[in-house]
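Welcome! Open your viewer, get comfortable with rotating and selecting, and follow along one stop at a time.

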Amino acid sequence: MATGENLEAHVHDPDARIEAANREAVQRLFDGQPRLVDVRPAIDVLPGMTKDTVLTSGPPLPWSEYTGGQRRAIAGGAVYEGLAPDLAAAEKALANGDIRVAGCHDFATVGSLAGVTTASMPVLVVEDEHSGHRGHCTLFEGETKARLNYGLYDADVQQNLEFLADVIGPTLGEAVRSVEGGIPLRPLIERALRQGDELHSRNTAASLLFLRELVPALLDLASPHARALTDYMTSGDYFFLRLSMAASKSMADRAYDVPGSSVVTAMAFSCREFGIRVSGLGSRWFRGPLPAPETHQLFPGFTADDIEVMGGESPITEVNGLGGLAQAAAFPLQAYQGGTPQRMVERNLEMYEITVAEHPTFRIPFLEYRGTPAGIDARRVAATGITPVMDVGIAGRAGGQIGAGCFRAPLQPFLDAAAALAAQPAGDALPA
């Protein structure tokens, strides 16, 4: 921070001033200590949430602009919530404004793929131990192909969402609340990085580590649904992704509103566009075209023509130096999303060129325990043309997951954010 004898130098040196602001922003990221403290219906914990609101991923759009799987998921969420009797009625109510659509990020939450979050859906409540910043995310819908976040809505999806709301959410919430002080997530993330996860597209170790932390509470749980919760948590490898997202949201929100900072605090996309937020520019979205996969691995029977980008806010993990910025920690991803170990290392090393610092505790064993590149700098992205790497699940045009891939963020939002920072009056660029 610019204080004392070096204040005058910072005032007259824009680069030094911005570097000081960026150091402040990344330090806030690094100081985050997220803990899972509860699982509750969204309306009980999301600030500003109402019964007739449907949240979705990406920079917010008018209802008329949503298309494909994201549009189906929003309408399906309205039917699930009882706001409309069927999809046709939901479409009409959404068009009339009787049902409100809003962006997840504005409600202290993040959404996976289509990201639909409605009032009664259970959300993970992750709270920063020091600042109290909270991040939220809905529960993983399971290994079933019938998932709302992948743009599907039918009777099976409805039944699965009801199971999460009536059985899994309340039971998990009861177990978590029984753990004094909540369950610290950062130590699990740190350890999982050393065991082959990057905490976005690979969460195998993290999911098991979290289950181990929860086992004592599960053993003491006097609930008829304890076995159902255990079966749910051991049915696949992706339970922890939603925890990683919620934890990343709570940490990233700590870095907002450092005047002059060019550190990215959010990356997200809708079915239409990709957007970023930057610390020194508050909650303003800078938007650009949708990202395209640099490499991908599709399930049998699908081709690149079947791919549909329908939104996603899981790149909040990359904002914190995880996911695509930790690819070299997770070589098994090559079998899931394509590419080679060599290319994963090359991408990871490239990310150091566009970040402010190396994470002090998120470390990559293959790189001799070097800290992950952290604090994406919009100015460096704009200057180099190197854009952030993101590990993303791939949806199909007919809905459902059809594979996974490594995506590159588009350049335009970073160019626009850098220009907006450059246009700020000098006084506005001093760190707080």
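**Stop 1: an enclosed helix**

Helix 4 is largely enclosed by the rest of the structure, because 11 of its 13 residues are buried. Keep in mind as you look that this is a predicted model. To find the helix, select residues 68–80. From its first C-alpha to its last, helix 4 reaches 18 Å, close to the 18 Å expected at 1.5 Å a residue.

Now color the buried residues of helix 4: Gly69, Gln70, Arg71, Ala73, Ile74, Ala75, Gly76, Gly77, Ala78, Val79 and Tyr80. What covers them? Show strand 2 (53–56), helix 5 (87–96), strand 3 (100–103), helix 6 (155–177) and strand 11 (307–308), which are among the elements that do so. Before you leave, click on Gly82, just after helix 4, which takes a positive phi of about 80 degrees.

**Stop 2: a helix with a buried side**

Next, select helix 13, residues 341–351. Its buried residues are Met344, Val345, Arg347, Asn348 and Met351. Look along the axis: these residues lie on the same side of helix 13, because they cover an arc of only 160 degrees around it. In general, an α-helix has 3.6 residues a turn, so residues three or four places apart point the same way.

Add the surroundings too. The cover over the buried residues of helix 13 includes helix 12 (334–337) and several strands, among them strand 10 (292–298), strand 12 (355–364) and strand 15 (401–408).

**Stop 3: the nonpolar cores**

Which residues have the most contacts inside the largest nonpolar core? Select Leu172, Phe210, Leu214 and Phe414 to see them; the core itself has 95 residues. Helix 10 (residues 239–253) supplies the largest share of this core, with nine residues.

Zoom in on Phe210 and show its neighbors. Leaving aside residues up to four places away in sequence, Phe210 touches Leu36, Ile183, Leu185, Leu188, Met233, Phe239, Phe240 and Leu243. There is also a second, separate core of 26 residues, including Ala73, Ala78, Val101 and Leu148. Two of those names, Ala73 and Ala78, may ring a bell: they are buried residues of helix 4.

**Stop 4: the cysteines**

How many disulfides does the structure hold? Zero. Take Cys104 as an example: its sulfur is 8.0 Å from the closest cysteine sulfur, in Cys137, which is too far for a bond. Is Cys104 buried or exposed? At 0% relative accessibility, Cys104 counts as buried. Finish by selecting Cys406, which also counts as buried, at 0% relative accessibility.

Notes:
Residues numbered from 1 in each chain as written. Predicted model: local features only at pLDDT ≥ 70, side-chain atom pairs only at ≥ 80, totals over all residues. Heavy atoms only, no water. Core = buried A, V, L, I, M, F, W, Y, C linked by side-chain atoms within 4.5 Å. Buried < 20%, exposed > 50% of the residue type's maximum accessible area, 1.4 Å probe, protein only. Helix = DSSP H or I, 4+ residues; strand = E, 2+ residues; numbered from the N terminus. Contact = heavy atoms within 4.5 Å. Disulfide = S-S within 2.5 Å. Arc of directions from axis to C-beta. Expected span 1.5 Å × (residues − 1).
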